[in-house]
Amino acid sequence: MSSAEAVAVQEVTSKVTYRFNDGVEFEAISGEGDTLLDVARNNEVPIVHQCLTGSCASCICRVDTGDVSMDSDRVMSLLPSEAREGFRLTCTAYADTDCVVDLDYPSTFSEDHAASQSVITIEELEWVNHNTVRITAELDEDAEMENFEAGQYVQLKVPGTEEWRSYSMSSTVRDLPELTFYIRVLDDGVMSNYLRDRAAVGDTLEIDGPYGVFYLREEKVPQIMIAGGTGLAPMMSMIDTLRLSNFRRKPVILAFGCSFEKDLFAQDELELRGNWMRNLDVRTCVSRPEGDWDGLTMRAQYSITKDDITEDTIAYLCGPPAMNEAAREHLEELGVKGENIHVELFDTAHA
Ligand SMILES: Cc1cc2nc3c(=O)[nH]c(=O)nc-3n(C[C@H](O)[C@H](O)[C@H](O)COP(=O)(O)OP(=O)(O)OC[C@H]3O[C@@H](n4cnc5c(N)ncnc54)[C@H](O)[C@@H]3O)c2cc1C
């Protein structure tokens, strides 16, 4: 290679520093066309990732210094407000200059939560409203899933197809070998059609996981959870984890919202948890009530007010994109720090 060519190659490389929240840093050189995730994987930097297509948001990072562009056609799971605040999905992001990016989990997280493959057998399949199914399934006895965190998800293979879909556990590790899911059944969709037309108790499904970095963080701070529809699933797992840990002094607020009253579900389960946990405040909201609804009439995020926020509040959002975006904006206006807001989007693209 001539020296002119060597200079040209050098000009398209950037140094990427990956900084994990336990203080561990990795440095690697990015070549032209490499995503931040390519660079990490080529250099054994332990970034959590799963879909590689911008759909699951597992590989999220936040840019501290430098310029990091993104392939905006492929960032389905990043909110516009997150992008403005410097969040990037490493599978669709490119280092334009030397940069430092933060990963909000320890450098040991991906090893400690490594995915494994197994099967589950459906034990119960209950329609909890007109379009939502609650599945209780038993995990194969050889499976290794004791490592999942409340809030994480798994991939399930739709029986009779080669298609995989992502679902968050609503149960906790303490419930193993049982796993519970709340799944919205769409008018048309591979998993939805299976659940509506063919699913039965005794069916087995392949499972792969756990995945994701949407998980219960610090337990000893006030928690705010805002859930839309089946976005309630990961929150149920987090609430039960908080309930089972012996630390119950800080307030936990769950704002659960649906458009119509008929879309609500799990009301008994939430009431039970409200009775068990004195620090849990459940605010169930309906935004377009019909008939004699006498509960909160608003979008769930607006049931959270300034009085609910403290300096160390951590918030979790899981719902449709518009809810996540509005909730994030609302919480930041109330004073929740951007880095303390964790978002999961149930993107219906094939994550
Ligand atoms: C991290 C994560 C966690 C999740 N957790 C949950 C959960 O706990 N509960 C839950 O209910 N959901 C969850 N989801 C969503 C879930 O993974 C599925 O996307 C959802 O269940 C729809 O799957 P499906 O197979 O029924 O529909 P799909 O077959 O994926 O179809 C989805 C929609 O796209 C349309 N569509 C399909 N193919 C095409 C096409 N070629 N052109 C145009 N339109 C098309 C369908 O008509 C349908 O309306 C999660 C998603 C992610 C990313």
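Which domains give residues to the shell around the ligand, and where does that put the ligand? Keep that in mind as we go. One caution before the answer: this is a predicted model.

Now the answer. Domain 2, residues 115-211, gives residues to the shell. Domain 3, residues 223-345, does too, so the ligand lies between the two domains.

Let's look at the shell itself. There are 22 residues around the ligand. Arg165, Ser166, Tyr167, Met191 and Ser192 come nearest. Sorted by class, the shell holds 10 nonpolar residues, 7 polar ones and 5 charged ones.

Which elements supply at least two shell residues each? Three are strands: strand 11 at 164-168, strand 12 at 178-184 and strand 19 at 341-345. Helix 5, at 190-197, also belongs on that list. Strand 11 gives the most, with 4 residues.

Next, the polar atoms. Start with serine 192. An N or O atom in its side chain sits 2.5 Å from a ligand oxygen. Move to arginine 184. Here a backbone N or O atom is 2.8 Å from an oxygen of the ligand. Then threonine 230. An N or O atom of its side chain lies 3.1 Å from a ligand oxygen. And how much of the ligand is covered by protein? On its own, the ligand has 980 Å² of accessible area, and the protein covers 73% of that.

Back to strands 11 and 12. Both belong to an open sheet of 6 strands. Read across, the order is 11-10-13-8-9-12, and the pairing is antiparallel. Why does one side of strand 11 and of strand 12 lack a neighbour in the sheet? Each stands at an edge with a single partner strand, so one side is left free of a sheet neighbour. Neighbouring strands in this sheet are turned by 40° against each other on average, ignoring direction.

Let's zoom in on one pair there. Strand 9, residues 132-139, runs antiparallel to strand 12, and 7 bridges join them. Within that pairing, arginine 134 has tyrosine 182 of strand 12 as its bridge partner.

Last stop, strand 3, residues 60-65. Strand 3 is joined to strand 5, residues 87-89, by 3 bridges, and the two run antiparallel. Arginine 62 stands opposite phenylalanine 87 of strand 5. Strand 3 also pairs with strand 7, residues 99-103, again antiparallel and over 3 bridges. There, threonine 65 faces valine 100 in strand 7.

To close, back to the opening question: the ligand lies between domain 2 and domain 3, because both give residues to its shell.

Definitions and conventions:
Residues numbered from 1 in each chain as written. Predicted model: local features only at pLDDT ≥ 70, side-chain atom pairs only at ≥ 80, totals over all residues. Heavy atoms only, no water. Near = heavy atom within 4 Å. Polar contact = N/O pair within 3.5 Å; in protein donor to acceptor, adjacent residues only side chain to side chain. Areas by Shrake-Rupley, 256 points an atom, 1.4 Å probe, with all protein chains shown as cover. Nonpolar A, V, L, I, M, F, W, Y, C, P; charged D, E, K, R; others polar. Domains from an automatic or database assignment. Pairing = 2+ DSSP bridges. Axes fitted to C-alpha atoms, helices over the stretch in contact; angles between N-to-C directions.
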